[in-house]
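Let's take a walk through this model, starting with how its helices pack and ending with its largest pocket. Keep the structure open as you read.

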Amino acid sequence: MQARMTHPAFLIPAAMKGLQAYGRSADDQGVPATTLEMVHLRASQINGCSVCVELHANALKKAGESDERIFAVAAWRDAPYFTDAERAALELAEATTRVADRGDPVSDELWAEISRHYDERGISALLIAISAVNVWNRLNAATRQPAGQWKP
């Protein structure tokens, strides 16, 4: 597989700088780094972004996550490996990645559950992390960026 073009963020350095800064703004805001990586991985799985699936699975592995937890992110509802807080974050990632799939993408029930585990700063960090990876997923999908060529 070959990309259709050079990645837009590589062609427009201000975009790369902005995207990286936006993504990093979610760090150190009360959400564990591995949880942020899991929501990145889950959104990327939904969007079929092989570059980001590879990148975030490798980041989780490097952070010491087990293969079982990494492999089970795609099926987190049926896997025993996740805390309630991680489950809420993964559900929020799915809901905000698939906003057009439901009339109310983030239900009051989901909002109540995410609020049980994270304060407003943490929820903000999750929403920023999820929206940031969705931008990368869409740029990569549109330009058909292949996995295996980007190294963290």
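Before the first pair of helices, a word on the geometry: an axis here is a line fitted to C-alpha atoms, for helices over the stretch in contact, and angles run from 0 to 180 degrees between N-to-C directions. Bear in mind, too, that this is a predicted model.

Start with α6 and α8. Their axes lie 10 Å apart, and the two helices pack at an angle of about 50°. That angle makes α6 oblique to α8. As for handedness, α6 and α8 cross in the right-handed sense. If you want to find the contact on screen, pick out A89, L92, A93, T96 and T97 on the α6 side, then L126, L127, I130, N134 and R138 on the α8 side. Sorted by class, the residues of this contact come to 6 nonpolar, 3 polar and 1 charged.

Now stay with α6, which covers residues 84-97, and turn to α7, residues 108-117. The axes of these two come within 9 Å, with a crossing angle of roughly 140°. α6 and α7 are therefore oblique to each other. This time the crossing is left-handed. From α6, the contact takes in D84, A85, A88, A89, E91, L92 and A95, while α7 brings L110, E113, I114, R116 and H117. The class count here is 7 nonpolar, 1 polar and 4 charged. Did a couple of names ring a bell? A89 and L92 of α6 take part in this contact, and A89 and L92 also meet α8.

Next, move back along the chain to α3 and α4. Which way do they run relative to each other? Their axes come within 9 Å and cross at roughly 155°. Angles over 145 degrees count as roughly antiparallel, and α3 and α4 are therefore roughly antiparallel to each other. The pair crosses in the left-handed sense. On the α3 side you'll see T34, E37, M38, H40, L41, S44 and Q45, and they meet C52, V53, H56, A57, A59 and L60 of α4. By class, that contact has 7 nonpolar, 5 polar and 1 charged residues.

That brings us to the largest pocket, which holds about 770 Å³ of space. Its lining is made up of 30 residues, with E37, H40, L55, H56 and W136 nearest the centre. Which elements give two or more residues to that lining? They are α2 (13-24), α3 (33-47), α4 (50-62) and α8 (120-143). The largest share comes from α4, with 7 residues. Overall the lining has 18 nonpolar, 6 polar and 6 charged residues.

One last link is worth a look: E37, H40 and H56, listed among the residues nearest the pocket centre, also belong to the contact between α3 and α4.

Terms used: Residues are numbered from 1 along each chain as its sequence is written. This is a predicted model: local features need pLDDT of at least 70, side-chain atom pairs count only at pLDDT 80 or more; totals for chains, interfaces and linings use all residues. Side-chain values use heavy atoms; hydrogens and water are left out. Helices (H or I, at least four residues) and strands (E, at least two) are DSSP runs, numbered from the N terminus. Angles under 35 degrees count as roughly parallel, over 145 as roughly antiparallel, 65 to 115 as roughly perpendicular and the rest as oblique. A crossing is left-handed if the near helix is turned anticlockwise from the far one by less than a right angle, and right-handed if clockwise. Contact means heavy atoms within 4.5 Å. Ala, Val, Leu, Ile, Met, Phe, Trp, Tyr, Cys and Pro count as nonpolar, Asp, Glu, Lys and Arg as charged, and the others, Gly among them, as polar. On a 1 Å grid over the protein atoms alone, a cavity is a set of points where a 1.4 Å probe fits but cannot get out, and a pocket is an open set with protein on both sides within 12 Å along at least five of seven lines; lining residues have an atom within 4 Å of a point. Grid points are joined across faces, edges and corners, and a volume is the space filled by probe spheres set on the points.
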